[in-house]
Amino acid sequence: MASEEASLRALESLMTEFFHSCTTNERQREIEELLNNFAQQTGAWRHCLFFLSNTRNEYVMMYSLTVFENLVNKMWIGVASQDKMEIRNCLPKLLLEQHKSVPYFIRNKLCKVIVDIGRQDWPMFYHDFFTNTLQLIQSPALASLGLVMLKTTSEELACPREDLSVARKDELRKLLLDQVPPVLGLLTGILETYWDKHSITASTPPPSPTSGESVELLGTLFQGSQYSKLLCQPMAALDNETQQLCCLVLECLAHLFSWIPLSTSITPTLLASIFHFARFGCDLRTKAKSGFLISSTSSSSNGQLNAGTVLPTSNGGGRQVEGSKVDRSRLGVLAMTCVNELVSKNCVPVDFEEYLLRMFQQTFFLLQRLTRENNAHTVKSRLQELDESYLEKFTDFLRLFVSVHLRRIESSPQFPIVEFLAQLFKYTFNQPAHEGYFACLDIWSVFLDFLTTKIKSRLADRESVLNRYKDALVLLLREVLNRIQFRYNQAQLEELDDETLDDDQQTEWQKYLRQSLEVVAKVMELLPSHAFSTLFPILQENLDVYLGLQQFIVTTGTSRRLNITAENDCRRLHCSLRDLSSLLQAVGRLAEHFIGEIFASRFTDALAVVERLVEVTCYGSQISLYDLETAVPSVLKPDLIDVHAQAIAALQAYSHWLAQFYSEVHSQNQSQFVTLITSAVDASSPLITAKVPEKLRLSACHLMISITSTVRPVFLVTMPAVQNIFNLITAENQTRRLPPEAHLLVCRALSNMLLLPWPNLPENEQQWQTRSSNHANLLAALTREYRMLRGTVNVTPRRPEMHALKVVIQQTLPVLRDIVDSISGESTKSRQICYQSLQESVQVSLSLFPVFIQQPDVTDEMLAFFLTLFQALRVQMGVAFTGQIIHTFLSMFTREQLAASILQEGSAGCRVVQKFLKILQVVVQEPGQAFKPFLPSILSLCMEQVYPVVAERSSPDVKAEMFELLYQILHQNWRYFFKTSILTSVQRGAPEDAMENEAQFTAAMQAFGQSFLQPDIHIFKQNLSYLESLNSKHKLYHRKLFRTSMLFHFINVLLQVLLHKSHDLLQEEITLAIYNMASVDFDAFYSAFMPEFLNGCQGVDTNQRAVLARNFKLERDLPSFTQSVQRLVNDLRYYRLCNSSLPTGTIKL
């Protein structure tokens, strides 16, 4: 006894030293080693039992419990049965003695250790494990302890970790499901008892505005519902202890609901009880003041409930009241968590549907409470008073209801869907925080999608369906539009950040506007004419302000000033311009609802919009509003620029409508169309200059691209404005050169105008000859300096000259690449003309390539250009020249060159190798025989030069491209390896799978196999999909060479990956691949592979191997096979875990 006392004191001093701030890392490591060695001793648990009974040191308690946890989870199989029985008896006694005196986290840890024992031994060796827990719950003094045990049991036994066999997991789940009805009955009883007990005093309240939640409030929501009266009862007045106990009950229910299936065990009485407590969240008196008590976060997976659940019942005056408020609010949050767990289940048995309807009725009673207005509170102030977590849970409920269950409930006569939408409307537009509003907009989006799908599938009564919802949609549209306007919502909109970009590269303001406009667009799809007639007048109103600014412009000498200076006027103008910008975006977003089949019926509306947009764009460009001096330049100038840019962007959105307009009127009077296009181009062209702000300049360039590529009017090339742009771009004197991005966009627009076929005209009227010579002139001007570099081929330029050459290359090639890229999907004629104009530049590029091979940034640019050429114009370049290019590349990229580039991960050199491999991918995919002579050298480059460098390194980017090249070689050139034609395979006696180039095929397969042994999950996924693709297209797994010498190796590797859990995200894909490989010859798989695989498994004994083999059922269908694989992997890992933690010398029977 004395020695145990001494050990305890030593341990206490060690633990205190370990956690002391002055202890060095080295000393901590020493102590850790000492403690680990102590824990590994046989019988260490006896010391720990003594420590737990005799110490008040929290560190020592935690250490002792960790020793027990380790013993139970890792060594239990080797513990003597007498010792097990002693531990099973001692720990529950210890819990009962100490649960009130130890901190909550020690209590929870002790509960978890007892539950872990139950996980191993219940019911065979620990038959009273569960009944003990139920007895605790039924004993008033120990109920909270019993509930902690129950919740920990639910967490640890319902979804156990992998340290159990599959058979045991199934057994535990079945045992638990058998216990569900009594457990739910018990928990229902507790909630009902406490509610009833505390409701008696409140049953006859004094008259007050809040006490009589009168039945008329419910509308038709509860006609005939027996629960309407129940929910109208006054709230129970719970004391602190009761609140904490009810919190624990609701936490248990929330976890139970996460795994038990919906069934009649979840009784109407239980649901009603949960909803009683959900009402606490709606109570204005429940909001907690910040800073009081410990936060009410939910429990963690190891059974540690939050500190808030064990508050003392009496804690002094005011503080206890606040504690009560926190817990009252927490009751509401936990009750809604229970509701959401139930609602999130999509699989609803028929006998549960009525309960579901009842649940929704009860929740919408709460929604009506939340959105009820009275003299004391507006809806918004009510929602602001509530706990944020409760609102969040309630919004989650609404989202789940609309996305998962609306289709079930919507047509029920007992569920008034229109009244629900009215409540949801109030709830949405009174949200106190932006995040809450965004979440509600998402719910409306889901509802609008549901409605759109429903209407499209019901052509007969679509009008009656629409009419049912029309009022709700009209209100929604109007309110969402009001919410994006400063005129109605300035205070909230000014809070939104419009500078910081989020992960999606948009600001908070842009996200707000985009989500709002998505809802507007969805309503537009359902009610097009109404939506248009709502939006257009608001747009007109703001446009009138903008178009009226001309009268306030004062010109003095060379400066022009906007003569609006009063602070109030400037503020109003700022709001009006911001709103105009948003409304222009809204109008642009709706462009898609004017084209296609509805073009003719909606033509007048669309024409009115486009004419207005053209007018605004012309106005902005004519009076150069972006150039004005203003009273508040930091605010008004960006506003004016933004409106102008958004008007151009909105006009661009209607380019498809303009194209349809063009094709409809091409044979009739075109004057209206010509005027629109001419005005739009005339308004854009003055903005395409370096002096104009970038935002405007780029908007104008994008509009030009849409007109030249989507609308393609014949008369465009003859317009003076277009001629001016042409002259600006092709001028020899580049003093007025545009910035790079604008230059590139304008070149694309001009090239498109000359290359793309005109719509509605036959081939002989396309004027290809004239356009071809114009295009040649354009490209000659663009490549003037570049083509002059050809003379530098044999020179090794000095550094300053090299820099000048680089600048020319890096200015020219991106423009050429963009021009080629933009016509890659166009007609042969367009591509022919493009290549003719480019021919000389391509040859210059090829001759310059060797000069710059040591300059990766230049080589990168050149290869990007060649890659685009190969993708778009390889037919036009012809076989001979393409061959010359490939030959040059293959000879330039030596092994040393490749290795040096690949080793600099993420560098320009690395990108060069990637692009080179991409070019080769294009080459090997080319049908026909033209490029087949290059296959041996491409394979050799891949397997002998690139692969050895990347095999043992991560190099993810180069590796991904190299394996794709390897896959394309195999897929597109299968007969390079397997000569057998279909005819010979049908003939009897033909040799099976006549192979050529077997060594290269084997090397490629080995490379794929090697990649499965490496940690990169992206390469693993890509390569697994390549093998599966080769199997589905070419029967790879059935080929004799693969079947006889590779198949079992691949299956073995994939099974080992599953066992090591290194690529767990790909479990499904790996199991499917194993199935496809095994299904080539199931008999061989079961009779040869499985015994061999199990015999080779380390860490399991003969009996365990026999059990594993017996449990792997000889099934041939995918679901059963998948189950067998999962069972094999789980049980093999479990056996290894058990065996590795047995004490040495243990004899297993």
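These are my notebook entries on a few backbone oddities and the nonpolar core of this predicted model.

**Backbone, peptide bonds**
I started with the general expectation that most peptide bonds are trans and that most residues other than glycine have a negative phi. Where does a cis peptide bond turn up? I found one joining tryptophan 122 and proline 123, with omega at about 0°. Proline 123 sits in the loop that links helix H6 (104–121) to helix H7 (129–138).

**Backbone, positive phi**
Next I looked up glutamine 767, which is not a glycine yet has a positive phi of about 55°. I placed glutamine 767 in the loop between helix H30 (740–755) and helix H31 (768–782). Is glutamine 767 buried or exposed? I noted it as partly exposed, with a relative accessible area of 47%.

Lysine 1035 went on my list too: its phi is positive, about 55°, and this residue is not a glycine either. I traced lysine 1035 to the loop between helix H43 (1017–1034) and helix H44 (1040–1045). Its relative accessibility is 46%, so I logged lysine 1035 as partly exposed.

**Nonpolar core**
Then I turned to the interior, remembering that nonpolar side chains tend to be buried together in soluble globular proteins. How many residues does the largest nonpolar core have? I wrote down 397, and the residues with the most contacts inside this core are Leu253, Phe420, Phe447, Tyr546 and Trp657. Helix H9 (residues 166–199) gives the most to this core, contributing 12 residues.

I picked phenylalanine 447 for a last look. Leaving aside residues up to four places away in sequence, phenylalanine 447 touches Val402, Leu406, Leu421, Tyr469 and Leu473.

Conventions:
Residues are numbered from 1 along each chain as its sequence is written. This is a predicted model: local features need pLDDT of at least 70, side-chain atom pairs count only at pLDDT 80 or more; totals for chains, interfaces and linings use all residues. Side-chain values use heavy atoms; hydrogens and water are left out. Helices (H or I, at least four residues) and strands (E, at least two) are DSSP runs, numbered from the N terminus. Buried means under 20% relative accessible area, exposed over 50%, partly exposed in between (1.4 Å probe, protein chains only). A nonpolar core is a set of buried Ala, Val, Leu, Ile, Met, Phe, Trp, Tyr and Cys residues joined through side-chain atoms within 4.5 Å. Contact means heavy atoms within 4.5 Å.
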